[in-house]
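User: Hey, I'm new to this one and would like a quick walk through it. Can we start with the pockets?
Analyst: Sure, here it is.

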Amino acid sequence: MGAWMVGIDTGGTFTDLIAVERASGALRLAKLASTPEDPAAAVTEALEQLFGNGIAAGDVSLLAHGTTVATNALLEGAGVPTGLLITRGFRAVYEARGWSQPRGTDLLDTFYEKPPLLAPQGLTEEVGERLDHRGEIIEPLDEEGLRAAVRRLAAKGVEAIAVCFLFSFLNSAHERRAAEIIAEVAPHCRISLSSTVLPVIREYPRLSTTVIDAYVGPKIERYLQRLEGRLGARGVTTPQLFLMQSNGGLMRLSLAARHPNQTLLSGPAAGVIAGTGLARLAGQPDVVTFDMGGTSTDISVIANGRVLETSEGQIAGQDLGTPMLRIRTLGAGGGTLAWIGKDGLLKVGPKSAGARPGPACYGRGGEAPTVTDANLLLGFLGGDRPLAGSLRLDEGLARRAVARIAEPLGLSVAAAAAGIIRIVNTHMAIDLRLALQEQGQDPRRFALVAFGGAGPLHAAALAREIGIPLVLVPLYPGINCAMGLLQTAVRHSYLRSAVGMLAAFPAAAMNERFADLEAAALAEAAEEGFAPAVVRLVRLLDLRYPHQGYSLGVECPAGIIDEAAKPGLKRAFDDLHRQVYGQAAPEEDAEIVTFRVQAEITVPQFTLPRLPAGDGQSARALVGERPIFDFARSTFVPAKVYDRARLQPGDRIDGPAVIDQFDATTLLLDRQWATVDPYGTLRLETEAT
């Protein structure tokens, strides 16, 4: 056999695999239930299915993995007991939460509560030490006081300790010494230093990110060690073992355990990368990716073919400052639970049935109604065709589950199921609108790229609701995130804040800071087994106008920076500011906030092949008919059912219709139609009204 590239994405409900032979482009696909109690088990089980198809473990030349281990630890509050060491007098910084405020539907929730602190006050210790705003020592580190603080934390059973001292991003000496003392006093504890995790200005984001790193660190470290061990035992010996990061790039599995905070959007980032590639093939530079899985929905806006990055994210109410793709996440998926709130009204989400027991219709012991149960009762899913390749849905169990909320509300089972879908669609429509509005974008210019196991099922209704004229459904929507793992490069970000006015900042000091970051980038590349010649380095300066609270990244030229280069950097910043915010201040100086270096290394990637044109006779794919619920008429109407595997480029299908395939189901509403493009993508359009 030839060399195979393998992508494996583990979600909250399903684990997906795609394998591509590099020489021939041959594909192998697998989809199976995740194993939340031991996520590595589902990964190895997916590989066993692959190896049962005549592919040997030694044929795997590259394996890329997307995981939700760190994300789920945050969502479920299942991290390790975490202690916090902070400069004396500043223990309230984490409690006050500089960014935290209710948003979205939380503003309407009279029972809203702030998310709990990951390192509560009972596990926070103040330490005598102090640096000034230039990084110079005002008060030396109180080493004896620090030892006593670590002993107290160890006695309380902490497994990880976060260290965040004031202005340590300018001078890490005190934090580095604290790490040495922690290693002596509490050698069992994992240590997260803010000067390593996120060495940037602004105390609270740096603090919150460091605490998150400590909280999930032992979990992701143990998971990756266990996974590497199992892969090795099974004979997967390729050195090209990668993990997807939140920034849409890969990193070696062996390196990922050091940077757990960079894996929090591992799976969703892969979906955005795949969505970007699909949009490019479809000739659509402006798209919104809509990834609805079993547990959550992830939304990202791609304007002019460019995925936006951010350093201000939030997961489960916890603030994160790590560079990441700009993705909105909400608790809406196929397994999302429906329930009756304290106000007596029907609610949907954010809690999920997960992979175990899953929706009631899975027949695995679930009793609470979910979005999937409602879709089955409304005819959008069919009990006669297996879900995810082998899972048979039980309509009787779904009916019994939805009846649990229908009866107290005085509704029929069908009306309650319709209410569940209306509510979850409304939640997702709100977030889709907000994602576009935040960037000043008109939805009529965009296409919606729908994927995930449930995305194509809800996309047609959402596009009609929001006014998006076109929906793109990938050839394999249910494994799109796994596909994205094989469509990106190794990518790392290195950054450090150093504040000063651009005109007055010494050019020699700028060169020195970039040189330090580039040295760190090349050192990690060497550790990952890459030669310096294959590493592409890009320099960026985060700049802002005086007194602004936000900054923009401007690319800097490679090589030596001199005074003559500064006016060009300022003009580039003015142009970018005008482009993003509609105005600029060319007469004012710019202030440097952070130096950044991005390292990128190209690895083999998968590209979708162009398919031969068909004869335009979509009737070959027609497999039956079943009634589906029409929300406009509040009744069931007949809909044709098609097998997507039999569709060919050039085919057209008119709604209402259902298009089934092994990894997802696509729903077409009345006055909508779908055509198949040369890459197998479904293009859903709506009749103009």
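Analyst: First, a term: a pocket is an open set of grid points with protein on both sides within 12 Å along at least five of seven lines, and its lining residues have an atom within 4 Å of a point. Also keep in mind that this is a predicted model.

User: Okay. Which residues lie nearest the centre of the second largest pocket?
Analyst: Those are Ser195, Thr196, Val197, Pro199 and Arg496, out of 38 residues that line the second largest pocket.

User: And how much space lies in there?
Analyst: About 940 Å³ for the second largest pocket.

User: Which elements give two or more residues to that lining?
Analyst: Strand 10 (190–193), helix 6 (194–197), strand 25 (490–501) and helix 15 do. Strand 25 gives the most, with seven residues.

User: What's the lining like by class?
Analyst: For the second largest pocket, there are 14 nonpolar, 14 polar and 10 charged residues.

User: You mentioned strand 10. Which sheet is that in, and in what order do the strands come?
Analyst: Strand 10 belongs to an open sheet of four strands, ordered 6-5-9-10, with parallel pairing. Strand 6 (124–127) and strand 10 are the edge strands, so to speak the two that each pair on one side only. From one strand to the next, the twist averages 20°.

User: What about the middle, how many bridges hold strand 5 and strand 9 together?
Analyst: Five bridges, in the parallel sense, between strand 5 (residues 82–87) and strand 9 (residues 160–164). Within that pairing, Leu84 stands opposite Ala162 in strand 9.

User: Switching topic: how many cavities of 30 Å³ or more does the count come to?
Analyst: The count comes to one cavity of that size. Its volume is about 40 Å³.

User: Which residues line it?
Analyst: Ile299, Ser300, Val301, Arg326, Arg328, Ala435, Glu438 and Gln439 line the largest cavity. Strand 14 (residues 297–303) gives the most to that lining, with three residues. By class, the lining of the largest cavity has three nonpolar, two polar and three charged residues.

User: Now aromatics. How many aromatic pairs are there?
Analyst: Nine aromatic pairs are counted. One of them is Phe514 with Phe595: the ring centres are 5.1 Å apart and the planes sit at 75°, so the pair is edge-to-face.

User: Why does 75° make it edge-to-face?
Analyst: Because planes over 60 degrees apart count as edge-to-face, and the planes of Phe514 and Phe595 are at 75°.

User: Where do those two rings sit in the chain?
Analyst: Phe514 lies in helix 15 (residues 507–527) and Phe595 in strand 28 (residues 591–601), so the pair ties together parts that are 81 residues apart in sequence. Helix 15 also came up earlier, among the elements that give two or more residues to the lining of the second largest pocket.

User: Are they buried or exposed?
Analyst: Phe514 counts as buried, at 0% relative accessibility. Phe595 counts as buried too, at 1%. The cut-off for buried is under 20%.

User: Which Phe residues form a cluster?
Analyst: Ring pairs link Phe380, Phe629, Phe631 and Phe636 into a cluster.

User: What sheet is strand 29 in?
Analyst: Strand 29 is in an open sheet of four strands, in the order 29-30-32-33, and the pairing there is mixed. Strand 29 (622–630) and strand 33 (664–668) are its edge strands. The twist averages 25° from one strand to the next.

User: How do strand 29 and strand 30 pair?
Analyst: Strand 29 and strand 30 (residues 635–643) are antiparallel, over eight bridges. Glu625 has Lys640 as its bridge partner in strand 30, and Pro627 stands opposite Pro638. The two strands form a hairpin with four residues between them, and Ser634 in the turn has a positive phi of about 55°.

User: And how many bridges join strand 30 to strand 32?
Analyst: Four bridges, and here strand 30 and strand 32 (residues 657–661) run parallel. Lys640 turns up again, with Ala657 as its bridge partner in strand 32.

User: Last one: where's Arg151, and is it buried or partly exposed?
Analyst: Arg151 is in helix 4 (residues 143–155). Arg151 counts as partly exposed, at 47% relative accessibility. The C-alpha atoms of Arg151 and Ala186 are separated by 7.3 Å, with the two residues 35 apart along the chain.

Conventions:
Residues are numbered from 1 along each chain as its sequence is written. This is a predicted model: local features need pLDDT of at least 70, side-chain atom pairs count only at pLDDT 80 or more; totals for chains, interfaces and linings use all residues. Side-chain values use heavy atoms; hydrogens and water are left out. On a 1 Å grid over the protein atoms alone, a cavity is a set of points where a 1.4 Å probe fits but cannot get out, and a pocket is an open set with protein on both sides within 12 Å along at least five of seven lines; lining residues have an atom within 4 Å of a point. Grid points are joined across faces, edges and corners, and a volume is the space filled by probe spheres set on the points. Ala, Val, Leu, Ile, Met, Phe, Trp, Tyr, Cys and Pro count as nonpolar, Asp, Glu, Lys and Arg as charged, and the others, Gly among them, as polar. Axes are lines fitted to C-alpha atoms, for helices over the stretch in contact, and angles run from 0 to 180 degrees between N-to-C directions. Buried means under 20% relative accessible area, exposed over 50%, partly exposed in between (1.4 Å probe, protein chains only). Rings of Phe, Tyr and Trp (its six-membered ring) pair if their centres lie within 6.5 Å; planes under 30 degrees apart count as stacked, over 60 as edge-to-face and the rest as tilted.
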